[in-house]
Amino acid sequence: MAQPNLLDVDWSKIPAPTDDGAARHLVGMKVPPIGLVATDDSSVMLASLPGRTVVFAYPRTGEPGKIGLVDDWDMIPGARGCTPQTCAFRDLFAELKAAGASHVFGLSTQSNAYQTEMASRLHLPFPVLSDEKLALTRALNLPVMEVAGLILIKRLALIIDNGRITHVFYPVFPPDRNAGDVLQCLKDNPA
């Protein structure tokens, strides 16, 4: 199925993910010292970043006009919405920073080359991290799904304070509201 517009989604026709408990263990965890390549060609170690860091993870961004990963992608609960989620964080980036986020990152298991194209196309003001080798995903035991032989992170968002996870948003639906929910949490819980 071709994906003509990745932002125009009728969420009432998309199945919402349910809370399967796969992220309950994350609050309070110390982030392991794992370096991830970023779309700005840096290597980022979330564990060593001072202050408050926001990381939103998603399964896989699509490309306009290209064939979806699988025909029934939209019917997989939590799969659809990576681009709307990412664009919402882009649009609220300045407000997230003003509310105390020292760093904002996207995260997926897609390659850095793929993410770099997407970051450029969407004019992202923050880097996107690639966990293509699943090092962070496995170390934190992040919730995942397997689609077309690929292991993909289920959509979630983390607030990390000085290397420790303090807030988890999971499941996330609809994806385009996640950035607003994170922003409200930052305002309600100043560092």
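This report describes the confidence, the sheet and one helix pair of a predicted model.

## Confidence

The mean pLDDT of the protein is 93, and 95% of the residues score at least 70. Residues 1-5 have a pLDDT below 50. Beyond near neighbours in sequence, this stretch has 17 contacts in the model.

## The sheet

Strands of a sheet pair through backbone hydrogen bonds, either parallel or antiparallel. Here an open sheet is built from 7 strands, and its pairing is mixed. The strand order is β2-β1-β5-β4-β3-β8-β9. At the edges lie β2 (43-45) and β9 (164-169), each of which pairs on one side only. On average, neighbouring strands of the sheet are turned by 35° against each other, with direction ignored.

One pairing in this sheet is that of β1 (residues 35-38) with β5 (residues 128-130). These two strands run antiparallel and are joined by 2 bridges. A38 stands opposite L129 in β5. Helix α3 (residues 112-121) packs on the sheet, where it touches β1, β4 (101-108) and β5. The direction of α3 makes about 165° with that of β5.

## Helices α1 and α5

Two packed helices are described by the angle between their axes and the distance between the axes. For helix α1 (residues 82-91) and helix α5 (residues 178-188), the angle is about 40° and the axes are 8 Å apart. The two helices are therefore oblique to each other.

Which residues make the contact between α1 and α5? On α1 they are Q85, A88 and F89, and on α5 they are N178, A179 and V182. By class, this contact has 4 nonpolar residues, 2 polar residues and no charged residues.

How values were computed. Residues numbered from 1 in each chain as written. Predicted model: local features only at pLDDT ≥ 70, side-chain atom pairs only at ≥ 80, totals over all residues. Heavy atoms only, no water. Axes fitted to C-alpha atoms, helices over the stretch in contact; angles between N-to-C directions. Helix = DSSP H or I, 4+ residues; strand = E, 2+ residues; numbered from the N terminus. Parallel < 35°, antiparallel > 145°, perpendicular 65-115°, else oblique. Contact = heavy atoms within 4.5 Å. Nonpolar A, V, L, I, M, F, W, Y, C, P; charged D, E, K, R; others polar. pLDDT = per-residue confidence, 0-100. Pairing = 2+ DSSP bridges.
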